[in-house]
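Hello,

Here is the structure I promised to pass on to you. Have a look at it first, and then read on for what turned up.

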Number of protein chains: 2
Amino acid sequence: MKNIIVQKFGGTSVADTDKIKNVANVILKEKAKGNAVVVIVSAMGHTTDHLLKLADEVNKSPNPRELDMLLSTGECVSASLLAMALQATGNKAVSLNAAQAKIYTEKVHGSARIVDIKPESILQHINNDEIVIITGFQGIADENEITTLGRGGSDTSAVAVAAAIKAERCDIYTDVEGVYTTDPRIVPNASRLEEISYDEMLELARVGANVMHPRSVETAKQYNVPLRVRSSFKTDNLGTLILGVEEMEIRRTVTGVAADLSQLRVVVCDVPDVPGNAGKLFERLADDDISVDMIIQSYARKHNNTNDIAFTIYKNDLDRFNNVMDEIKSELGCSNIFIDDKIAKVSIVGAGMIDRPGIAALMFKTLADSDINIRMISTSEIKISCLVDEACAKDAVKALHKAFHLDSDEIAEVKGTLPDEE
Amino acid sequence: MKNIIVQKFGGTSVADTDKIKNVANVILKEKAKGNAVVVIVSAMGHTTDHLLKLADEVNKSPNPRELDMLLSTGECVSASLLAMALQATGNKAVSLNAAQAKIYTEKVHGSARIVDIKPESILQHINNDEIVIITGFQGIADENEITTLGRGGSDTSAVAVAAAIKAERCDIYTDVEGVYTTDPRIVPNASRLEEISYDEMLELARVGANVMHPRSVETAKQYNVPLRVRSSFKTDNLGTLILGVEEMEIRRTVTGVAADLSQLRVVVCDVPDVPGNAGKLFERLADDDISVDMIIQSYARKHNNTNDIAFTIYKNDLDRFNNVMDEIKSELGCSNIFIDDKIAKVSIVGAGMIDRPGIAALMFKTLADSDINIRMISTSEIKISCLVDEACAKDAVKALHKAFHLDSDEIAEVKGTLPDEE
């Protein structure tokens, strides 16, 4: 049995028929190495936006089941066109939709999770020497209900298929050249990472590096599928390999810096200091699916025997948050609620951080030296996040990137020789 | 159990989202009469052409299986949008693709025939008071292979579904107002027929009236499903009802006149008069799927003991015909082959013709009076066709339409009162 490589191509990589032909060439290069290739494709470029616009024209709040029926057509178009493009070069290829590839999900529309992939159909086509093209982003539930996986769904499809068919590696082809130490639009000499661990990638993804959706990285970690993020258009660039920390050849204390502008800060004032009152608040928010990230309960009980509770939530949960607070405000007995949406969460991430207590100190000192005020702090084993004013976010990222020696010329010294490519 | 009406809407009826909303209104009018409604839709307007263009850009001769994967997306888009449009009006609706509606075909790509429809899924949604929207033109074979039905496929889907769920009637909504006595572009006072029998419609369809594909009419005849051809945009016009001859309220001797320009005439000269020689020729043409229509073997054996054999074939079979003749010409021992593509087949059709021997005579006399030469003749129980020069086709249609009293003012007298509408 040949080694199997799974390749995933996003919407920009298959935006038009010329790009689809380019993708066919990328696939054939991998096949020429003697590997079997299974490909997951997204819908062509702006197809999904176009379909959403049509839906909006007939119904302002379209039914999620019908929306899945509609949107799932996008990947069927790109998958069949890609199979045709490969066949035009004299190669055997076949496109499979989710029912044909046997990708089963929960019966939830718009954000289903994959529950099972039966690999026999895919493997049978591989044994027949066919390049297998599978529609990303979608699955089936019950007998024939079409579901979609929600944001980042095609990446998740690719990783789940790679795990199910025991692929050697899953290559995520995209319009960026890999994972960087920080956003190159903020720090021009940010450098591409050769390797990063699943956990570091998860932290970076959560704090605003838009390369991959956390769910797909979690799935890759769960099944230990090595992921490579690389460019569809500069294929001699090997991109970034995401893998288990124990398989990494290089470990750095701090791997990356990221700024996240998607949250806002809430202060609920004068919450009476009754046991269970704060718990009641956060339980209710969880019930309404409102994620709370950083939390600070006021250090000192105030003279009137109340606490101020500050925390961050995502900006697009604000309407639902306000509804919940309207309902429970009197029950809680709090006074005012302040909202501050001009904040940014700046984070440093690194698998080697856990053994190095000086890292947090260096982060705080660096921000202080740049006159940037820290409003809240949260930490995990491989991450330290500071909440700062939105206006300071870029300066904070630049200063931290420099302080932790992540600029491209310095990184080159640290990383030494490249790991050999297969 | 309510009566079920099946409605089919073609591509022009759902060409954009405004037209889809119009279709939703047409459906709701039928529902308001107390009927359950099942709808078959084609792809939106030029979707199929657009998809074919994309396919052509990646592969000049696309694989039929992949083409079916690609084209079948068109109806999924229109079906889900139509379901959303109905839901926007507060009605329950659901779209079903071929797998969900359980429409099974042969495993042939591009021109599959429906072999079975399991009605339980459709009926279950009807019992749930949902308007059921089904993708036309497609089916599934084996476990999950997507097939398409070829030209006129959505009409066939509609009729087959109507038969499977025992619908009262199948309404084919289209961009014409019904079936006419002849093409109104040739004879401006051609009149719309209130009723026509399946067999008459089949003959008219075969001789060039483009209203419905013969396959769907054959299926309707087989299962005795009444069909109504009517306009999506002028819904107070009841169109034309196609039904069994025994159910017709009005029988006319001649129902319609049509001209077919899709054939050409072939003369194979000097075929030696050996038994089985002509049979060999036509058997070989049949093997290569080349349909032969009118045939004349020369009346008198010629002095050199050979026959000339003349027949008509379809213009788009000409390349294949030439290939066959290159192969078997020497075996047959014939001399020249003449091709004449400037011919037209002009036909009169009518279920009442069978008892009236004077009809053929009137047809020939009418053409003779117009100085139109008849090159070949063929007849069936309800049709007489004459091959004439292409340049005479329109004059022939006009003269016959007048001779058989089909002009709109005359027809009005013949037909008497209208049959009551449901």
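To follow the part about how the chains meet, you need one cut-off: two residues are in contact if their C-beta atoms, placed from the backbone, lie within 7 Å. Please also keep in mind that this is a predicted model.

**How the two chains meet**

The contact draws 28 residues from chain A and 27 residues from chain B. On the side of chain A that touches chain B, the elements giving two or more residues are helix H1 (17-32), helix H2 (47-58), helix H3 (64-71), helix H4 (73-88) and helix H5 (98-101) of chain A. Of these, H4(A) gives the most, with ten residues. Sorted by class, that side of chain A has 16 nonpolar, nine polar and three charged residues.

Do the copies use the same surface or different ones? Since 96% of the interface residues of chain A are also interface residues in chain B, the copies meet through the same surface.

The symmetry is worth a look too. Two copies of a chain are related by a rotation about an axis and a shift along it. Here, chain A superposes on chain B with an RMSD of 0.1 Å after a rotation of 180 degrees, with 0.0 Å of shift along the axis. This is therefore the relation of a two-fold axis. In chain A, the C-alpha nearest that axis belongs to A:Thr73, at 2.7 Å from it.

**Chain A as a whole**

Chain A contains 14 helices and 20 strands. Its C-alpha trace spans about 80 × 55 × 35 Å along the principal axes. For 422 residues, a compact globule would have a radius of gyration near 22 Å, and the 24 Å of chain A agrees with this. As for burial, 47% of the 422 residues of chain A count as buried. Among the contacts in chain A with a separation of 6 or more, 75% are between residues 24 or more positions apart.

One residue to pick out is A:Glu327, which sits in helix H11 (residues 318-332) of chain A. Is A:Glu327 buried or exposed? A residue counts as exposed if 12 or fewer other C-beta atoms lie within 10 Å of its own. A:Glu327 has 11 other C-beta atoms within 10 Å, so it is exposed. A:Glu327 and A:Ile172 are 155 residues apart in sequence, and their C-alpha atoms are 45 Å apart in space.

**The eight-stranded sheet of chain B**

For the sheets, I turned to chain B. Eight strands there form an open sheet with mixed pairing, in the order S3-S6-S2-S1-S9-S11-S12-S10. Strand S3 (93-96) and strand S10 (195-197) of chain B each have a single partner strand, so one side of each is left without a neighbour in the sheet. On average, neighbouring strands of this sheet are turned by 20 degrees against each other, direction ignored.

Within this sheet, strand S11 (residues 227-231) and strand S12 (residues 240-243) of chain B run antiparallel and are joined by three bridges. Here B:Leu227 has B:Ile242 in S12(B) as its bridge partner. Helix H7 (residues 153-164) of chain B packs on the sheet, touching strand S1 (4-9), S2, S6, strand S9 (169-174) and S11 of chain B, and its direction makes about 175 degrees with that of S1(B). Helix H4 (residues 73-88) of chain B lies across strand S2 (36-41), S3 and strand S6 (131-135) of chain B, at about 165 degrees to S6(B).

**The four-stranded sheet and a hairpin**

Chain B also has an open sheet of four strands, ordered S13-S18-S20-S19 with antiparallel pairing. Its edge strands are strand S13 (256-260) and strand S19 (376-380) of chain B, each pairing on one side only. The twist from one strand to the next averages 20 degrees. S19(B) is joined by five bridges to the antiparallel strand S20 (residues 383-389) of chain B, and B:Ser378 stands opposite B:Ser385 in S20(B).

Two helices of chain B lie across this sheet's strands. Helix H12 (residues 358-369) of chain B crosses strand S18 (343-349) and S20, running at about 15 degrees to S20(B). Helix H13 (residues 393-403) of chain B lies across S13, S18 and S20, at about 15 degrees to S18(B).

Finally, S7(B) and S8(B) form a hairpin with three residues between them, and B:Asp142 in the turn has a positive phi of about 50 degrees. Four bridges pair these strands in the antiparallel sense, with B:Ile146 in S8(B) as the bridge partner of B:Ile140.

Enjoy exploring it!

Key
Residues are numbered from 1 along each chain as its sequence is written. Chains are lettered from A and ligands numbered from 1 in the order in which they are written. This is a predicted model: local features need pLDDT of at least 70, side-chain atom pairs count only at pLDDT 80 or more; totals for chains, interfaces and linings use all residues. Two strands pair if DSSP finds at least two bridges between them. Axes are lines fitted to C-alpha atoms, for helices over the stretch in contact, and angles run from 0 to 180 degrees between N-to-C directions. Copies are superposed by least squares on the C-alpha atoms of residues with pLDDT of at least 70 in both. Ala, Val, Leu, Ile, Met, Phe, Trp, Tyr, Cys and Pro count as nonpolar, Asp, Glu, Lys and Arg as charged, and the others, Gly among them, as polar. The radius of gyration is taken over C-alpha atoms; the globule rule is 2.2 Å times the number of residues to the power 0.38. A residue is buried if 20 or more other C-beta atoms lie within 10 Å of its own, exposed if 12 or fewer, and partly exposed in between; C-beta atoms are placed from the backbone.
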